[in-house]
Amino acid sequence: MPNRTGFLGSTLAAAGTAAALALATAVPAAAAEPSTVEQDVTQLYQDVVDLYNGLPADALRGVDRLIESPIPRIGPQSQAADGPIPGCTPGALLTYANNLAAALSPLEGKALDALSGLSQLYVQGVTSDKAPQVFGTDGQYTARATTAIDKLRGFWDIESWNIQLVAWKGTDLGSQAKMAQTFSLGLAPAKVQAAAALATKVLYEVPAMQGGRNPLLTLNAFSAPAGSLGGKRVALGDGLLDTVDVLGFDDVSVESVVGHEYGHQVDFAHDNYPRNESSEMGPDAYGGYFVAHAKGYAWNARTQQEVSYLDASIGDCFHSHGTPDQRKAAGAWGEKQATSQSNPNRIIPSATMIEKFQKVYPKLMPPADQPATAALAAAHG
(Lines give C-alpha, C1' and ligand atoms only; values in the text may rest on other atoms or scores of the structure.)
Protein backbone atom coordinates (compact mmCIF):
# COMPACT_ATOMS: atom_id res chain seq x y z
CA MET A 1 0.00 0.00 0.00
CA PRO A 2 1.60 3.32 -1.00
CA ASN A 3 2.15 5.80 1.80
CA ARG A 4 -0.14 8.79 1.48
CA THR A 5 0.49 10.39 4.86
CA GLY A 6 2.01 13.41 3.16
CA PHE A 7 -1.54 14.49 2.45
CA LEU A 8 -1.94 15.42 6.11
CA GLY A 9 0.53 18.24 5.79
CA SER A 10 -1.72 19.95 3.26
CA THR A 11 -4.71 20.01 5.61
CA LEU A 12 -3.14 22.53 7.95
CA ALA A 13 -1.89 24.19 4.79
CA ALA A 14 -5.28 25.77 4.44
CA ALA A 15 -2.80 28.57 5.03
CA GLY A 16 -0.77 27.27 2.09
CA THR A 17 2.57 28.23 3.60
CA ALA A 18 5.81 26.73 4.83
CA ALA A 19 5.25 28.20 8.26
CA ALA A 20 1.91 26.45 8.58
CA LEU A 21 3.36 23.10 7.56
CA ALA A 22 6.21 23.51 10.01
CA LEU A 23 3.71 23.98 12.80
CA ALA A 24 1.87 20.85 11.82
CA THR A 25 4.92 18.64 11.79
CA ALA A 26 7.05 20.16 14.52
CA VAL A 27 7.96 17.97 17.48
CA PRO A 28 6.62 19.29 20.81
CA ALA A 29 9.22 20.83 23.09
CA ALA A 30 11.25 18.28 25.05
CA ALA A 31 9.96 17.45 28.51
CA ALA A 32 10.79 14.88 31.11
CA GLU A 33 7.40 13.24 30.71
CA PRO A 34 4.91 14.05 27.95
CA SER A 35 1.66 15.43 29.28
CA THR A 36 -1.57 13.52 28.80
CA VAL A 37 -2.58 16.02 26.13
CA GLU A 38 0.69 15.52 24.27
CA GLN A 39 0.24 11.77 24.41
CA ASP A 40 -3.32 12.08 23.16
CA VAL A 41 -2.36 14.33 20.24
CA THR A 42 0.52 12.05 19.27
CA GLN A 43 -1.72 8.99 19.32
CA LEU A 44 -4.49 10.72 17.36
CA TYR A 45 -2.02 11.89 14.74
CA GLN A 46 -0.82 8.30 14.30
CA ASP A 47 -4.40 7.04 14.11
CA VAL A 48 -5.14 9.50 11.31
CA VAL A 49 -1.91 8.54 9.51
CA ASP A 50 -2.98 4.89 9.73
CA LEU A 51 -6.44 5.81 8.49
CA TYR A 52 -5.07 7.54 5.40
CA ASN A 53 -2.71 4.66 4.71
CA GLY A 54 -5.63 2.24 4.91
CA LEU A 55 -7.75 4.03 2.30
CA PRO A 56 -8.29 2.49 -1.13
CA ALA A 57 -5.58 3.50 -3.58
CA ASP A 58 -7.93 5.76 -5.59
CA ALA A 59 -9.74 7.32 -2.62
CA LEU A 60 -8.22 10.77 -3.13
CA ARG A 61 -7.92 10.61 -6.91
CA GLY A 62 -8.67 13.92 -8.54
CA VAL A 63 -9.77 15.69 -5.36
CA ASP A 64 -8.88 19.33 -5.92
CA ARG A 65 -8.81 21.66 -2.93
CA LEU A 66 -9.30 25.38 -3.37
CA ILE A 67 -6.17 26.14 -1.35
CA GLU A 68 -3.18 23.90 -1.98
CA SER A 69 0.05 23.83 -0.07
CA PRO A 70 2.94 25.15 -2.18
CA ILE A 71 5.43 22.94 -0.32
CA PRO A 72 6.87 20.32 -2.70
CA ARG A 73 6.09 16.65 -2.29
CA ILE A 74 3.76 16.88 0.69
CA GLY A 75 0.52 15.91 -0.99
CA PRO A 76 -0.90 14.19 -4.06
CA GLN A 77 -2.08 17.41 -5.72
CA SER A 78 0.97 19.62 -5.21
CA GLN A 79 2.71 20.73 -8.39
CA ALA A 80 4.81 23.35 -6.62
CA ALA A 81 8.31 24.18 -7.74
CA ASP A 82 11.20 24.31 -5.30
CA GLY A 83 11.03 28.00 -4.59
CA PRO A 84 8.76 31.05 -4.52
CA ILE A 85 8.20 33.17 -7.60
CA PRO A 86 10.41 36.28 -7.35
CA GLY A 87 8.54 39.49 -6.66
CA CYS A 88 5.24 37.74 -5.89
CA THR A 89 3.14 38.56 -2.82
CA PRO A 90 0.70 35.85 -1.63
CA GLY A 91 -3.00 36.63 -1.77
CA ALA A 92 -4.77 38.23 1.17
CA LEU A 93 -6.60 35.06 2.16
CA LEU A 94 -3.42 32.99 2.27
CA THR A 95 -1.66 35.69 4.27
CA TYR A 96 -4.51 35.88 6.76
CA ALA A 97 -4.60 32.13 7.19
CA ASN A 98 -0.85 31.99 7.66
CA ASN A 99 -1.11 34.54 10.44
CA LEU A 100 -3.71 32.39 12.17
CA ALA A 101 -1.47 29.34 11.88
CA ALA A 102 1.58 31.24 13.17
CA ALA A 103 -0.22 31.86 16.46
CA LEU A 104 -0.42 28.11 17.19
CA SER A 105 2.06 26.19 19.28
CA PRO A 106 3.66 23.10 17.71
CA LEU A 107 1.33 20.87 19.74
CA GLU A 108 -1.74 22.84 18.67
CA GLY A 109 -0.55 22.69 15.06
CA LYS A 110 -0.18 18.93 15.21
CA ALA A 111 -3.66 18.53 16.70
CA LEU A 112 -5.09 20.83 14.03
CA ASP A 113 -3.41 18.89 11.27
CA ALA A 114 -4.81 15.55 12.43
CA LEU A 115 -8.30 16.90 13.10
CA SER A 116 -8.50 18.79 9.81
CA GLY A 117 -7.45 15.70 7.87
CA LEU A 118 -10.06 13.69 9.72
CA SER A 119 -12.80 16.25 9.07
CA GLN A 120 -12.02 16.32 5.35
CA LEU A 121 -12.39 12.55 5.16
CA TYR A 122 -15.74 12.80 6.93
CA VAL A 123 -17.11 15.39 4.51
CA GLN A 124 -15.66 13.56 1.53
CA GLY A 125 -16.49 9.96 2.32
CA VAL A 126 -19.24 9.81 4.93
CA THR A 127 -21.63 12.75 4.90
CA SER A 128 -24.35 13.02 2.26
CA ASP A 129 -26.71 15.68 1.01
CA LYS A 130 -29.56 13.28 1.76
CA ALA A 131 -29.38 14.83 5.22
CA PRO A 132 -30.06 18.58 5.56
CA GLN A 133 -26.90 20.60 4.98
CA VAL A 134 -26.21 23.74 7.00
CA PHE A 135 -23.68 26.17 5.50
CA GLY A 136 -21.83 28.65 7.69
CA THR A 137 -20.99 28.38 11.36
CA ASP A 138 -24.48 29.57 12.25
CA GLY A 139 -26.29 28.44 9.11
CA GLN A 140 -26.21 31.95 7.66
CA TYR A 141 -25.13 30.81 4.17
CA THR A 142 -27.48 27.88 3.70
CA ALA A 143 -29.99 29.60 1.41
CA ARG A 144 -27.28 31.17 -0.75
CA ALA A 145 -25.39 27.89 -1.12
CA THR A 146 -28.43 25.87 -2.14
CA THR A 147 -29.51 28.56 -4.61
CA ALA A 148 -26.02 28.64 -6.14
CA ILE A 149 -25.80 24.89 -6.69
CA ASP A 150 -29.30 24.82 -8.18
CA LYS A 151 -28.37 27.58 -10.64
CA LEU A 152 -25.14 25.83 -11.59
CA ARG A 153 -26.88 22.51 -12.22
CA GLY A 154 -29.12 24.25 -14.73
CA PHE A 155 -26.37 26.37 -16.24
CA TRP A 156 -23.63 23.98 -17.36
CA ASP A 157 -24.38 21.15 -19.81
CA ILE A 158 -22.91 18.32 -17.73
CA GLU A 159 -24.52 15.50 -15.77
CA SER A 160 -25.44 17.30 -12.57
CA TRP A 161 -28.08 15.37 -10.63
CA ASN A 162 -25.44 13.38 -8.75
CA ILE A 163 -23.12 16.26 -7.81
CA GLN A 164 -23.63 16.71 -4.08
CA LEU A 165 -23.08 19.97 -2.24
CA VAL A 166 -22.02 19.24 1.33
CA ALA A 167 -21.11 21.38 4.33
CA TRP A 168 -17.63 21.00 5.80
CA LYS A 169 -18.05 21.71 9.51
CA GLY A 170 -15.40 21.44 12.20
CA THR A 171 -18.09 20.80 14.79
CA ASP A 172 -18.72 17.39 13.20
CA LEU A 173 -15.48 16.36 14.90
CA GLY A 174 -17.38 16.51 18.20
CA SER A 175 -19.59 13.57 17.23
CA GLN A 176 -18.04 10.27 18.25
CA ALA A 177 -20.47 8.42 15.97
CA LYS A 178 -19.42 10.49 12.93
CA MET A 179 -15.75 10.00 13.72
CA ALA A 180 -16.26 6.24 14.07
CA GLN A 181 -17.79 6.22 10.58
CA THR A 182 -14.79 8.14 9.32
CA PHE A 183 -12.16 5.92 10.90
CA SER A 184 -14.03 2.91 9.52
CA LEU A 185 -13.02 4.03 6.03
CA GLY A 186 -9.47 2.77 6.51
CA LEU A 187 -8.48 2.02 10.10
CA ALA A 188 -8.35 -1.51 11.50
CA PRO A 189 -11.85 -2.29 12.89
CA ALA A 190 -10.52 -3.10 16.36
CA LYS A 191 -9.11 0.44 16.66
CA VAL A 192 -12.07 2.42 15.35
CA GLN A 193 -14.02 3.12 18.52
CA ALA A 194 -10.98 4.11 20.57
CA ALA A 195 -9.72 6.38 17.80
CA ALA A 196 -13.13 8.06 17.48
CA ALA A 197 -13.30 8.67 21.22
CA LEU A 198 -9.78 10.09 21.18
CA ALA A 199 -10.63 12.48 18.32
CA THR A 200 -13.50 14.06 20.25
CA LYS A 201 -11.34 14.17 23.39
CA VAL A 202 -8.51 16.02 21.65
CA LEU A 203 -10.98 18.42 20.06
CA TYR A 204 -12.05 19.64 23.47
CA GLU A 205 -8.84 19.27 25.48
CA VAL A 206 -6.88 21.53 23.10
CA PRO A 207 -8.55 24.93 23.63
CA ALA A 208 -7.18 26.37 20.37
CA MET A 209 -9.48 24.03 18.45
CA GLN A 210 -12.45 26.02 19.80
CA GLY A 211 -14.60 22.91 19.89
CA GLY A 212 -14.37 22.66 16.11
CA ARG A 213 -14.83 26.35 15.36
CA ASN A 214 -11.20 27.24 14.74
CA PRO A 215 -11.48 28.45 11.14
CA LEU A 216 -8.26 26.70 10.11
CA LEU A 217 -9.97 23.33 10.57
CA THR A 218 -12.23 24.00 7.59
CA LEU A 219 -10.52 26.89 5.81
CA ASN A 220 -10.91 25.30 2.42
CA ALA A 221 -13.30 23.95 -0.17
CA PHE A 222 -12.86 21.08 -2.58
CA SER A 223 -14.36 19.29 -5.53
CA ALA A 224 -14.20 15.52 -5.98
CA PRO A 225 -14.83 13.44 -9.12
CA ALA A 226 -16.92 10.32 -9.53
CA GLY A 227 -14.11 7.83 -8.95
CA SER A 228 -12.94 9.20 -5.63
CA LEU A 229 -14.08 8.34 -2.12
CA GLY A 230 -17.71 9.42 -1.75
CA GLY A 231 -18.19 10.22 -5.43
CA LYS A 232 -18.97 13.52 -7.12
CA ARG A 233 -19.31 16.35 -4.64
CA VAL A 234 -18.48 19.93 -3.77
CA ALA A 235 -17.56 20.63 -0.13
CA LEU A 236 -17.77 24.13 1.30
CA GLY A 237 -15.86 24.84 4.52
CA ASP A 238 -17.26 27.04 7.27
CA GLY A 239 -13.77 28.33 8.05
CA LEU A 240 -13.31 29.49 4.47
CA LEU A 241 -16.61 31.38 4.47
CA ASP A 242 -15.82 32.99 7.83
CA THR A 243 -12.40 34.11 6.59
CA VAL A 244 -13.71 35.47 3.30
CA ASP A 245 -16.26 37.44 5.30
CA VAL A 246 -13.51 38.93 7.50
CA LEU A 247 -11.63 39.98 4.36
CA GLY A 248 -14.65 41.88 3.05
CA PHE A 249 -15.86 39.55 0.28
CA ASP A 250 -19.06 38.37 1.94
CA ASP A 251 -21.29 39.78 -0.83
CA VAL A 252 -19.86 37.33 -3.37
CA SER A 253 -18.29 34.60 -1.22
CA VAL A 254 -20.67 31.67 -1.50
CA GLU A 255 -21.56 32.11 -5.15
CA SER A 256 -17.93 32.61 -6.20
CA VAL A 257 -16.55 29.63 -4.28
CA VAL A 258 -19.35 27.26 -5.26
CA GLY A 259 -19.07 28.46 -8.87
CA HIS A 260 -15.33 27.79 -8.82
CA GLU A 261 -15.69 24.33 -7.29
CA TYR A 262 -18.45 23.44 -9.75
CA GLY A 263 -15.99 24.51 -12.43
CA HIS A 264 -13.86 21.55 -11.41
CA GLN A 265 -16.89 19.35 -12.07
CA VAL A 266 -16.99 20.83 -15.58
CA ASP A 267 -13.37 19.76 -16.03
CA PHE A 268 -14.02 16.33 -14.50
CA ALA A 269 -16.96 15.76 -16.87
CA HIS A 270 -14.60 16.18 -19.83
CA ASP A 271 -11.69 14.24 -18.31
CA ASN A 272 -9.71 17.47 -18.15
CA TYR A 273 -7.14 17.13 -15.36
CA PRO A 274 -4.43 19.73 -16.08
CA ARG A 275 -1.07 19.29 -14.39
CA ASN A 276 -0.37 23.01 -14.22
CA GLU A 277 -1.90 26.19 -12.86
CA SER A 278 -4.80 25.96 -15.29
CA SER A 279 -6.26 23.29 -12.99
CA GLU A 280 -7.33 26.17 -10.72
CA MET A 281 -7.36 29.08 -13.12
CA GLY A 282 -9.79 27.29 -15.44
CA PRO A 283 -12.46 27.01 -12.73
CA ASP A 284 -11.82 30.67 -11.89
CA ALA A 285 -12.67 31.47 -15.51
CA TYR A 286 -15.75 29.23 -15.61
CA GLY A 287 -16.93 30.72 -12.31
CA GLY A 288 -16.40 34.24 -13.62
CA TYR A 289 -18.44 33.41 -16.71
CA PHE A 290 -21.26 32.04 -14.55
CA VAL A 291 -21.58 34.98 -12.15
CA ALA A 292 -21.46 37.55 -14.98
CA HIS A 293 -23.79 35.70 -17.37
CA ALA A 294 -27.39 36.79 -17.86
CA LYS A 295 -28.58 33.28 -17.00
CA GLY A 296 -26.21 33.00 -14.04
CA TYR A 297 -26.17 35.84 -11.52
CA ALA A 298 -25.85 38.69 -14.05
CA TRP A 299 -23.70 40.62 -11.60
CA ASN A 300 -22.67 44.13 -12.61
CA ALA A 301 -19.15 45.32 -13.34
CA ARG A 302 -18.42 46.37 -9.76
CA THR A 303 -19.48 43.01 -8.36
CA GLN A 304 -17.60 41.16 -11.09
CA GLN A 305 -14.49 43.06 -10.04
CA GLU A 306 -15.06 41.97 -6.44
CA VAL A 307 -15.18 38.36 -7.62
CA SER A 308 -11.89 38.72 -9.47
CA TYR A 309 -10.26 40.22 -6.37
CA LEU A 310 -11.53 37.26 -4.35
CA ASP A 311 -9.89 34.98 -6.92
CA ALA A 312 -6.67 36.93 -6.43
CA SER A 313 -6.83 36.58 -2.65
CA ILE A 314 -6.35 32.82 -3.02
CA GLY A 315 -3.32 33.09 -5.30
CA ASP A 316 -0.02 31.67 -4.10
CA CYS A 317 3.59 32.42 -4.99
CA PHE A 318 4.66 28.95 -6.00
CA HIS A 319 4.01 27.22 -9.32
CA SER A 320 0.96 25.57 -7.83
CA HIS A 321 -2.47 27.21 -8.27
CA GLY A 322 -1.53 30.51 -9.86
CA THR A 323 -0.34 33.83 -8.50
CA PRO A 324 -2.82 36.48 -7.33
CA ASP A 325 -2.46 38.34 -10.65
CA GLN A 326 -2.93 35.16 -12.68
CA ARG A 327 -6.00 34.10 -10.70
CA LYS A 328 -7.48 37.57 -11.08
CA ALA A 329 -6.81 37.54 -14.81
CA ALA A 330 -8.46 34.14 -15.27
CA GLY A 331 -11.63 35.24 -13.48
CA ALA A 332 -11.74 38.52 -15.41
CA TRP A 333 -11.34 36.64 -18.70
CA GLY A 334 -14.32 34.44 -17.86
CA GLU A 335 -16.44 37.45 -16.95
CA LYS A 336 -15.57 39.10 -20.25
CA GLN A 337 -16.74 36.04 -22.20
CA ALA A 338 -20.19 36.57 -20.71
CA THR A 339 -20.42 40.34 -21.06
CA SER A 340 -19.08 40.51 -24.62
CA GLN A 341 -21.43 37.93 -26.15
CA SER A 342 -23.64 39.20 -28.96
CA ASN A 343 -26.44 37.05 -27.56
CA PRO A 344 -26.34 37.53 -23.77
CA ASN A 345 -28.59 34.51 -23.20
CA ARG A 346 -26.43 32.00 -25.04
CA ILE A 347 -24.42 29.70 -22.79
CA ILE A 348 -21.16 28.51 -24.30
CA PRO A 349 -21.02 24.68 -24.20
CA SER A 350 -18.73 23.49 -21.42
CA ALA A 351 -16.39 21.63 -23.78
CA THR A 352 -16.02 24.79 -25.86
CA MET A 353 -15.34 26.87 -22.76
CA ILE A 354 -12.53 24.51 -21.74
CA GLU A 355 -11.05 24.69 -25.23
CA LYS A 356 -11.27 28.49 -25.30
CA PHE A 357 -9.59 28.81 -21.92
CA GLN A 358 -6.78 26.40 -22.75
CA LYS A 359 -5.99 28.51 -25.82
CA VAL A 360 -5.79 31.76 -23.85
CA TYR A 361 -4.15 30.24 -20.78
CA PRO A 362 -0.53 30.77 -21.95
CA LYS A 363 -1.24 34.49 -22.34
CA LEU A 364 -2.38 34.61 -18.72
CA MET A 365 0.93 33.12 -17.58
CA PRO A 366 3.57 35.75 -18.41
CA PRO A 367 7.17 35.01 -17.40
CA ALA A 368 8.01 36.03 -13.83
CA ASP A 369 10.08 39.00 -15.02
CA GLN A 370 7.20 40.54 -16.96
CA PRO A 371 5.00 43.18 -15.33
CA ALA A 372 1.90 41.84 -13.59
CA THR A 373 -0.23 43.91 -15.96
CA ALA A 374 0.61 41.53 -18.81
CA ALA A 375 -1.77 38.86 -17.59
CA LEU A 376 -4.54 41.36 -16.92
CA ALA A 377 -4.12 42.87 -20.38
CA ALA A 378 -4.51 39.39 -21.87
CA ALA A 379 -7.67 38.85 -19.87
CA HIS A 380 -9.25 42.00 -21.23
CA GLY A 381 -7.71 41.91 -24.70
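Student: What makes Arg65 a partner in the sheet, and which residue stands opposite Arg65?

Tutor: Arg65 faces Phe222 in E3; strands here are DSSP E runs of at least two residues, and helices are H or I runs of at least four, both numbered from the N terminus. This is a predicted model, where local features need pLDDT of at least 70, side-chain atom pairs count only at pLDDT 80 or more, and totals for chains, interfaces and linings use all residues. Residues are numbered from 1 along each chain as its sequence is written, and side-chain values use heavy atoms, leaving out hydrogens and water.

Student: How do you know that E1 and E3 pair?

Tutor: Pairing takes at least two DSSP bridges between the strands. Two bridges join E1 to strand E3 (residues 221-224), antiparallel, so the rule is met.

Student: Why is Trp156 called buried?

Tutor: Buried means under 20% relative accessible area, exposed over 50%, and partly exposed in between (1.4 Å probe, protein chains only). Trp156 has 4% relative accessibility, so Trp156 counts as buried.

Student: And why is Tyr273 called partly exposed?

Tutor: Its relative accessible area is 32%, so Tyr273 falls in the middle class.

Student: What makes Phe268 and Tyr273 a stacked pair?

Tutor: Phe, Tyr and Trp rings (six-membered ring for Trp) pair if their centres lie within 6.5 Å; planes under 30 degrees apart are stacked, over 60 edge-to-face, the rest tilted. Phe268 and Tyr273 have 5.4 Å between centres and 20° between planes, so they are stacked.

Student: Why does Lys110 count as sitting over the ring of Tyr45?

Tutor: The rule wants NZ of Lys or CZ of Arg within 6 Å of the ring centre and within 35 degrees of the ring normal. The charged end of Lys110 is 5.3 Å from the centre of the Tyr45 ring, so the distance part is met.
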